[in-house]
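Open the model in your viewer and keep the selection panel handy. We will go from stop to stop, picking a few residues each time and looking at what is there.

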Amino acid sequence: MQNLLRADNIFAAICFFACTNICEAKGMSTIWYSELSLGGIHHGDSKKIVSEKLGSPDRQDDLRQNKAPRMIYPGLTVWLGENGGSVIFLRSADAKYCTPSDICPGMSFERAKETYTSMKISTRDGDRLSAYFGSPLSFKLIFEVENDRVVAIGAGYLASFDVRPK
């Protein structure tokens, strides 16, 4: 019981409920933390857990030179917090990396909208668009869409972060 009453747990609970109330008041959707996952890699997983699940990355940023270093696997990019801490964002364009609700790159955007019903369109350029489920100020799933197909999915907490491939 003592662990539940720790100050950081209480603070996290207060922040969650405050964000939920603000999001609802502004007409934004909230997302379950468990949905911030692609292919079994979760927001908050340590670098060690990612390596245990996926093995060594094909490429990895230097931890000393990047504030959000990346671990790059075929079809999946994982961004870590400062000093190579825990996972803060994931992005995939590969159908084998799906959300826990089984939405994958390559699927119809209509199916994603049926699953995540409060989807918001953030940018539109002809047949390309970007949409998100969650809060623009907090945790979210980002769907990159072209010709009504999900071409990539991002998951995590990044208020403004360019997750397009470099």
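Start by selecting residues 139-146, strand β9. Six of its eight residues are buried, so β9 is largely enclosed by the rest of the structure. Buried here means under 20% relative accessible area, exposed means over 50%, and partly exposed is in between, with a 1.4 Å probe and protein chains only. Helices (H or I, at least four residues) and strands (E, at least two) are DSSP runs, numbered from the N terminus.

A word on what you have open: this is a predicted model, in which local features need pLDDT of at least 70 and side-chain atom pairs count only at pLDDT 80 or more, while totals for chains, interfaces and linings use all residues. Residues are numbered from 1 along each chain as its sequence is written, and side-chain values use heavy atoms, leaving out hydrogens and water.

Now add residues 149-157, strand β10. β9 and β10 run antiparallel and are joined by eight bridges; two strands pair if DSSP finds at least two bridges between them. Find F143 and look across to β10, where I153 stands opposite. Then go to the turn: two residues separate the strands of this hairpin, and N147 there has a positive phi of about 50°.

Keep F143 selected and add L76, V78 and F109. These four have the most contacts inside the largest nonpolar core, which has 26 residues. Such a core is a set of buried Ala, Val, Leu, Ile, Met, Phe, Trp, Tyr and Cys residues joined through side-chain atoms within 4.5 Å. To see where this core comes from, color β4 (70-73), β5 (76-80), β6 (87-92), α3 (109-115), β9 and β10, the elements that give it two or more residues each. Another core, of five residues, lies apart from it; A68, W79, Y132 and I142 are among its members.

Next, show the charged side chains. Side chains of opposite charge can pair when their charged atoms come close. With a salt bridge taken as a side-chain nitrogen of Lys or Arg within 4 Å of a carboxyl oxygen of Asp or Glu, the count is five. Three are worth selecting:

- D61 and R70: their side chains meet at 2.9 Å, N to O. D61 is buried at 14% relative accessible area, and R70 is buried too, at 13%.
- K53 and D45: the N to O distance is 3.6 Å. K53 is partly exposed, with 45% relative accessibility, whereas D45 is buried at 11%.
- E52 and K48: the closest N and O atoms are 3.9 Å apart. Both residues are exposed, and they sit four residues apart in helix α2 (residues 47-54), about one turn of the helix.

How many disulfides does a search of the whole structure find? There is one, so select C98 and C104, whose sulfur atoms are 1.9 Å apart; a disulfide is a pair of cysteine sulfur atoms within 2.5 Å. The torsion about the S-S bond is about 105°, so this disulfide is right-handed. C98 is buried at 13% relative accessibility, as is C104 at 7%.

Finally, zoom out and color by secondary structure. You should find three helices and 10 strands, running α-β-β-α-β-β-β-β-α-β-β-β-β from the N terminus. Of the 166 residues, 40% count as buried.
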